[in-house]
Amino acid sequence: MPVQRERSEIYLLTRYLVALLIVCLTIGLSAAETHDPLSRKLERLSNLHGSFTFAVIGDTRSGGDDYRGLLLRLMERSPDFVVNTGDMVNSPGKRVWADFWEQSRPVSVPYFLTVGNHDVDDKKSEELYKNVVDLPGNELYYSFTVNDSLFIILDSNIPGQDRKITGDQYTWLEEVLSASGHKHKFVFVHHPLYPEKGMGFHYGGSLDKYPEDRDRLAALFKKFSVTIVFAGHEHLYLRKMVNGVMHIITGGGGAVLYAQEEQGGYYHFLLVTVDGNKVKGEVIDIRGNVKDAFQL
Ligand SMILES: [Fe+2]
């Protein structure tokens, strides 16, 4: 091979490798930017004073264009932070999670995740979840506060306690609620306590699978005056009051819908504004229409 041609091929190969390295570094840095450390998220929230607004979205399930469309609408409304009610991805894997954070790039505010059954299904995927989602401790359940509001994120997928909030997590939850003097308390759990029969596919297969444990949890929420319980799992929107506590299922974040539009089967997110004693909510669909509104 002529020396000139050999040099030219080495030169091209070197350029290719350098370009590849730059792409890899860019992807890595992008993921790191989107995936803020929890400490930074909490620091940003500690600077909030007075009224604030948070958005809730769920069952994005690597939802592609619908998820991205919802996020653009959501960020137009400038929430202070976002909470996902779970099933962020379809099936866990490093590349899938990188893709989720890449799709979530429009969310330039703190983004908190609730674990769903599609996010973790064994020990390996649990370890991966702990790597790709910042958590304050070693558990997938946690809490944080914003002004006079308490936010509790639960894990309804613990092996041996699947579709239940029991054991150490229940003890922790009771302690957090009893120690809280917060005016408003918001709970996020992937599996709903009260799915509706005939709407969606998970009636009897959510926290209602174990009615005694579900009722004990509901009584705890009632005792400590929880403001709203947000869930997902059913790919639709549903709001109901049960024993004085508001329960909302918001699972229309991008996955295939489980109901007709008139039964809540539309892509949507929620915006909740806390202003002193008042809590106001709006449900907004992918076209920007307000589909439901409430005030507490
Ligand atoms: Fe689910």
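This report describes the overall make-up, the open sheet and the nonpolar core of a predicted model.

## Overall make-up

The protein comprises 296 residues, of which 39% count as buried, and its secondary structure consists of seven helices and twelve strands. Among the contacts with a separation of 6 or more, 69% are between residues 24 or more positions apart.

## The open sheet

Six strands make up an open sheet with mixed pairing, and their order across the sheet is E3-E2-E1-E10-E11-E12. Strand E3 (111-113) and strand E12 (290-295) are the edge strands, and because each has a single partner strand, one side of each is left without a neighbour in the sheet. From one strand to the next, the twist averages 20°.

At the E3 edge, the pairing with strand E2 (residues 81-84) runs in the parallel sense over three bridges, and Leu-113 of E3 is the bridge partner of Asn-84. Helix H3 (residues 65-76) packs on the sheet, where it touches strand E1 (52-57), E2, strand E10 (268-275) and strand E11 (278-285), while the direction of H3 makes about 170° with that of E1.

## The nonpolar core

The largest nonpolar core contains 65 residues, and those with the most contacts inside it are Val-56, Val-82, Val-187, Phe-188, Val-229 and Phe-230.

For Phe-230, leaving aside residues up to four places away in sequence, the residues touched are Val-56, Thr-85, Phe-186, Val-187, Phe-188, Ile-248 and Thr-250. Val-56, Val-187 and Phe-188, which Phe-230 touches, are also listed with Phe-230 among the residues with the most contacts inside the core.

Terms used: Residues are numbered from 1 along each chain as its sequence is written. This is a predicted model: local features need pLDDT of at least 70, side-chain atom pairs count only at pLDDT 80 or more; totals for chains, interfaces and linings use all residues. A nonpolar core is a set of buried Ala, Val, Leu, Ile, Met, Phe, Trp, Tyr and Cys residues joined through C-beta atoms within 7 Å. A residue is buried if 20 or more other C-beta atoms lie within 10 Å of its own, exposed if 12 or fewer, and partly exposed in between; C-beta atoms are placed from the backbone. Two residues are in contact if their C-beta atoms, placed from the backbone, lie within 7 Å. Two strands pair if DSSP finds at least two bridges between them. Helices (H or I, at least four residues) and strands (E, at least two) are DSSP runs, numbered from the N terminus. Axes are lines fitted to C-alpha atoms, for helices over the stretch in contact, and angles run from 0 to 180 degrees between N-to-C directions.
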